[in-house]
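Hi everyone, thanks for making time this morning. I'd like to walk you through one model, and please have the viewer open while I talk.

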Amino acid sequence: MAANRRNGMHPSEPGLVGVVSAAMALPRMSLPTLATVVAAVAALYFGREVFLPIAIALLLTFALAPLVSALKRVGIPRLPAVIASVLGAFMVLALFSFIVATQVSELAQNIPLYQSNILTKVRSLKESGVGGGVIARLSEAIERVGQELDRQETSPPAADQPRREPVPVEIIARERPLQVLQNLIGPLISPLASAGLIVVVVIFMLLEREDLRDRFIRLVGYGDLHRTTEALQEAGKRVGRYLLMQLVVNIVYAIPVTAGLWVLGIPNALLWGLLALALRFVPYIGPIIGALLPLFLALAVAPGWSLVLWTAGLFVAMEMITGNVVEPWLYGSRTGLSPLAIIVAAIFWTWLWGPLGLVLSTPLTVCLVVLGRHVPQFEFLDVLFGNEPVLEPHARLYQRLLAGDPEEATDHAEEMLEEKYLFEFYDKVALPALLLGEQDRVRGVMGDEQRRRVAASAQMLVANLDDSAREEAEEDDDPATVEPATADKDRDKQAQAEGEDDTELPDGTDISVLCAGGRGELDDAAAAMLAQVLEVQGATVSKASFADMDPTGIRRLELDAVDTVVVGFLNRDSVKHARFLVRRLKRAKSALRVGIVFWSKDGDDKETAVEMANDLNTDFVAFGMVEAVLGALSSDPPVALKVAAKRRMRRRPRPARKALLAAAK
């Protein structure tokens, strides 16, 4: 079995020491950074009329930059390419707006025709008594409230004064033609001015893109050109890809919706398809709003309820296909945002900039996450909104073990075993997690109860992975699952290029191994992991607790059928204890191979292992899972027990005694 299956994970960074250390290692927001964030939010809120057009222009620049680059590669100069791209984009938006306005006007003219169908459905609900008369009671309550609001609170007239009838008065305002023209054009000036300003800003941003990039680098990142350049490239690629892919997804969604509504007979099907295309840019709630309007129209068009059900089925089916097939196929989670971050960002930007902020929330938050990923002062943004795990796999597993939750730890392990072998998971994730526990124990932050809970959870994790271990062993025994030699060589080359271990573990058939913990419950859990890996390799494995390794317990061990004993220590300072264990085990059975494993996350070199093996008088010393398995399943003859140097010194005559004997002679 080869050990070089690709795991698809990022290289791990320096380990965290326990959950407390992990929490301490998270980025903290200092007071200057907090003040900067508050000031920036206040400036964006009060200056939204200035910053909102600039933000829209910036995002459109990201979206149109690939198109401009493509036109330049064809041979079109920069200025014509920029003007053609911008004018083309805004002509599409203008055509979109014109079609929507035309469809809305037509719909407004036909609304009175649908009134009778709506009244018929309301009467049918009232006559059938749906809801126990709730509709009637609600109508009566609304009518009473209206009467109460219309009632005048003036005091009644005196008895001696005759009551005067009110005289109707009609006020006719005579407006001048210029005033009428101003009332008509005034509301249109602001949107048109903003649109024109956005067009101009986008053109200049595309023309001066390289110069703006250089100025930004000189302003904020001249001391680290590599990091700033990488941040700009990542932000541009992510935002541009998101906008382009989202547009493609929305078009793929809107075309079948429009066709389906037209087939069902929903009026103005083109309008609802275009609205569905636009509203899907709004995360989560946009598709719901886009479906409610056609559903209401279906309720008004047909006298029955079948059209409403067919319309709802159309939107549900398209949403399922788009969300589960089209989106993962096109871009998946390439935005780098977690689902919760998208919701929080939508709420924040809507509060900040209104409906346009809701539409721009996702691409703007992507820019913030990229900023947090490359600027240390804003690293908290990446932690809060990014979709990358904030804890390394072994720290996350240790947190679950510390919480006494082996079920979630098992789920985490099974997810990783889809891409890893069992020994890789234990070597790279589970054993480093136990090392965190041992470090916490040595530091005195872990009590006895916590230590036992972590050890019990780890033992339960190993037991839960028995099925995965058996499946892996059956796959290795099945000739149909053996890879061809060419594929195996290619995989070994890829593993060597990525720095992974390509050692092939030996077959353990007809070899009996006893795995034992060295000095505590956590060592026992590590020994159980090693035992399970040896069972996958076909060895006959038995387990012993650290309590069985005392002098009395070793005498009770049945070592007649055992070929090798492997004792593991999570604490590297247990060298003396390991030396005594080797001596006792060798005395119990002279033909026994004894190996010592000092579990380590990073391992050690072979020269250190050989020197320690000679010092401990043991057959082998290992620092990781692969070396432990290789040593346990080795066919080398056992190392003979050496006589202790101190004992040889005691048998020799002391120098003073020699002098006395010579003087007596």
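Before anything else, one cut-off that we will need: a residue is called buried under 20% relative accessible area, exposed over 50%, and partly exposed in between. Take Asp467 as the test case: its relative accessibility is 46%, so Asp467 counts as partly exposed. Keep that scale in mind, please.

Now, what you are looking at is a predicted model. Let me start with confidence, then. The chain has an average pLDDT of 76, and 71% of the residues score at least 70. Where is confidence lowest, and where is it highest? The low end is helix H1, residues 18-25, with a mean of 40, while the high end is strand S3, residues 564-569, at 92. Two stretches deserve a flag. Over residues 481-499 the pLDDT stays under 50, and the model has 15 contacts there beyond four places in sequence. Residues 647-651 are also below 50, with 2 contacts beyond near neighbours in sequence.

On to the overall picture. The chain contains 27 helices and 5 strands. It has 665 residues, of which 38% count as buried. If you take the contacts with a separation of 6 or more, 77% of them join residues 24 or more positions apart. The accessible surface is about 39,900 Å², and carbon and sulfur atoms account for 61% of that.

Let's go inside. The largest nonpolar core is built from 59 residues. Which of them have the most contacts within that core? They are Phe425, Tyr426, Leu434, Leu534, Trp599 and Met625. If you click on Phe425 and ignore neighbours within four places in sequence, you will find contacts to Leu397, Ala413, Met416, Leu417, Lys420, Ala430 and Leu465. Apart from that core lies another one, of 35 residues, including Val82, Val86, Tyr242 and Leu364.

Back out to the surface. There is a nonpolar patch of about 660 Å², made by Tyr284, Ile285, Ile289, Leu340, Ile343, Val344 and Ile347. Helix H11, at 285-301, and helix H13, at 339-374, each supply at least two of its residues. Which helix gives the most? That is H13, with 4 residues. Ile289 sits in H11, and because its relative accessibility is 40%, Ile289 counts as partly exposed.

Next, the charged pairs. Searching the whole structure turns up 10 salt bridges, and I'll show you three of them.

We have already met Asp467, so let's begin there. Its side chain meets that of Arg470 in a salt bridge, at 2.3 Å from N to O. Why are these two about one helical turn apart? Because they are 3 residues apart in helix H19, residues 466-477. Arg470, at 48% relative accessibility, is partly exposed, and you'll recall that Asp467 is partly exposed at 46%.

The second pair is Glu521 with Arg451, whose closest N and O atoms are 2.9 Å apart. This one links distant parts of the chain: Glu521 is in helix H21, residues 521-536, Arg451 is in helix H18, residues 448-464, and the two are 70 residues apart. Are the partners buried or partly exposed? Glu521, at 21% relative accessibility, counts as partly exposed, whereas Arg451 is buried at 14%.

The third pair is Asp405 and Arg400, with side chains meeting at 2.9 Å, N to O. Arg400 has a relative accessible area of 17%, so it is buried. Salt bridges with shared partners also bring in Glu408, giving one network of Arg400, Asp405 and Glu408.

Last stop, for those of you who like backbone torsions. Asn268 has a phi near 55 degrees, which is a positive value in a residue other than glycine. You'll find Asn268 in the loop between helix H9, 225-264, and helix H10, 269-279. With 10% relative accessibility, Asn268 counts as buried. Asn617 has a positive phi too, near 60 degrees, and is likewise not a glycine. The place to look is the loop between helix H24, 606-616, and strand S5, 620-622. Asn617 is buried, its relative accessible area being 10%.

That's my tour. Thanks for listening, and I'm happy to take questions.

Technical notes:
Residues are numbered from 1 along each chain as its sequence is written. This is a predicted model: local features need pLDDT of at least 70, side-chain atom pairs count only at pLDDT 80 or more; totals for chains, interfaces and linings use all residues. Side-chain values use heavy atoms; hydrogens and water are left out. A nonpolar core is a set of buried Ala, Val, Leu, Ile, Met, Phe, Trp, Tyr and Cys residues joined through side-chain atoms within 4.5 Å. Buried means under 20% relative accessible area, exposed over 50%, partly exposed in between (1.4 Å probe, protein chains only). Contact means heavy atoms within 4.5 Å. Patches are made of residues with over 30% relative accessible area and no salt bridge: like charges are joined within 9 Å, nonpolar side chains (Val, Leu, Ile, Met, Phe, Trp, Tyr) within 5 Å. Accessible areas come from the Shrake-Rupley method with a 1.4 Å probe; for residues, only the protein chains shown count as cover. A salt bridge is a side-chain nitrogen of Lys or Arg within 4 Å of a carboxyl oxygen of Asp or Glu. pLDDT is the predictor's confidence in each residue, from 0 to 100.
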